[in-house]
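Student: I'd like a close look at a single part of this model, please. Pick one strand, walk me through its partners, and then show me how that part fits with what lies around it.

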Amino acid sequence: LRWEARIFEGPDSRDFLHRLTTIHVRGLQPGDPASWGFFLSAVGKIRAAFKLSCLDQNSFLFELDGSAPGAWAAALSETIEQFTLSERQSLSESKGWTCLWVFLEEQEDPKSLGLTASRVIDHGSHDFGKRWLSLWLDSSRSQSFTQGFRPITRAELDSWRVGLVRPWFGSEITRDVNPLELGLGDGVTQQKGCYPGQEVIERMITQGAPPRRLCLISDLKTSQPKLALIKKNEAETGKVIVHPELGEC
């Protein structure tokens, strides 16, 4: 997995992000766990998806997928540029940084690991069922830093998140869906004020559920668990459906 970072800073950065993203940015403080967040289109679809952390009063860290040659970073940059008028803020790439993910055992204290990265971002345990940290450090230190840690494979990560019905970049998170369909309501703050796509999101919340949602299904031929978007009237435990891409499940 490739993880990219962008620094967004300036006197107007906090208000800008609060007005235009799905997050209650005015309430973010340094040291808070990273939050899922989104820039949405007028119809509530995802324009840019990211994890957002507060570094200080006027500085924020975007973390996003970099495995699709900069596609999400480009979407982030284009969206911010489109809505920026006279705001005093800037978006910059964190060059020379390498990111490592560290998964903690239950009740393990990050301080006991002696982590000395330039940035240590806590992501909680929602995504993988295990508390995880993203460590941003100088690229020259990354190889020596990994000594003593057991590598984790992509297959393990996918197994953890699929079991929890959590989406990820390059799989379920695309620009054809909205956060509620993906079960990422933790990245959407209700009643925080207007932002692009807010009316669509609030209407879905009022109706009780989106017209389709991410579900854990099993391929009847392989019994392999997978995640797929299923229409609301088909999302029942034990029901056999014919998925347009996966076939009979």
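**A close look at strand 4**

Tutor: Happy to! Let's begin with one pair of residues: Ser53 has Leu61, a residue of strand 4, as its bridge partner. Please keep in mind that this is a predicted model. The pair belongs to a longer match, as strand 3 and strand 4 are joined by 5 bridges in the antiparallel sense. The two strands form a hairpin, and 2 residues lie between them.

Strand 4 also pairs with strand 1, again antiparallel, and here there are 7 bridges. One of the matched pairs is Glu9 with Ser59, the latter in strand 4.

How many residues of strand 4 are buried? The count is 7 of its 7 residues, so to put it in terms of the cut-off, each of them has under 20% relative accessible area.

Now let's widen the view to the sheet. It is an open sheet of 5 strands with antiparallel pairing, and reading across it gives the order 2-3-4-1-5. Strand 4 therefore sits between strand 3 and strand 1 in that order, where strands pair if DSSP finds at least two bridges between them. At the edges are strand 2 (residues 35-40) and strand 5 (residues 90-93), each of which pairs on one side only. On average, and with direction ignored, neighbouring strands here are turned by 35 degrees against each other. Helix 1, made of residues 13-20, packs on this sheet and touches strand 1, strand 2, strand 3 and strand 4; the direction of helix 1 makes about 45 degrees with that of strand 4 (59-65).

Following strand 1 (residues 3-9) to its other partner, you meet strand 5, paired with it in the antiparallel sense over 4 bridges. In that pairing, Phe8 stands opposite Leu91 of strand 5.

Next comes the packing of side chains. The largest nonpolar core has 52 residues, and those touching the most other members are Leu17, Ile46, Leu52, Phe62, Trp101 and Ile173. Strand 3 (residues 46-56) provides the largest share of this core, 7 residues. Strand 3, you'll recall, is the hairpin partner of strand 4. Ile173 is a good residue to select in your viewer: beyond its neighbours within four places in sequence, Ile173 is in contact with Trp36, Ile46, Ala49, Trp72, Pro167, Trp168, Leu182 and Leu184.

Trp101, another name on that list of core residues, leads us to a second sheet. Ser134 in strand 8 is the bridge partner of Trp101. Strand 6 and strand 8 (residues 132-138) run antiparallel and are joined by 7 bridges. The open sheet they belong to has 3 strands in the order 6-8-7, with antiparallel pairing. Strand 6 (97-103) and strand 7 (119-122) are its edge strands, each pairing on one side only. From one strand to the next, the twist averages 20 degrees.

Trp101 also has a partner in space from further along the chain: its C-alpha atom and that of Pro151, 50 residues apart in sequence, are separated by 9.8 Å. Pro151 lies in the loop between helix 3 (142-145) and helix 4. Is Pro151 buried or exposed? Pro151 counts as exposed because its relative accessibility is 65%, and exposed means over 50%.

Helix 4 (residues 154-163) has Leu157, Trp160, Arg161 and Val162 as its buried residues. These buried residues pack against strand 6, strand 9 (212-218) and strand 10 (225-231). After helix 4 comes Val165, with a positive phi near 55 degrees.

A word on cysteines: a search of the whole structure finds 0 disulfides. Cys54 counts as buried because its relative accessibility is 7%, and Cys215 counts as buried because its value is 12%.

Finally, here is the setting for all of this. The chain holds 5 helices and 12 strands, and buried residues make up 47% of its 249 residues. Of the contacts between residues at least 6 apart in sequence, 62% join residues at least 24 apart. About 12900 Å² of the chain is exposed, with carbon and sulfur atoms supplying 48% of that area.

Key
Residues numbered from 1 in each chain as written. Predicted model: local features only at pLDDT ≥ 70, side-chain atom pairs only at ≥ 80, totals over all residues. Heavy atoms only, no water. Core = buried A, V, L, I, M, F, W, Y, C linked by side-chain atoms within 4.5 Å. Buried < 20%, exposed > 50% of the residue type's maximum accessible area, 1.4 Å probe, protein only. Contact = heavy atoms within 4.5 Å. Axes fitted to C-alpha atoms, helices over the stretch in contact; angles between N-to-C directions. Areas by Shrake-Rupley, 256 points an atom, 1.4 Å probe, with all protein chains shown as cover. Disulfide = S-S within 2.5 Å.
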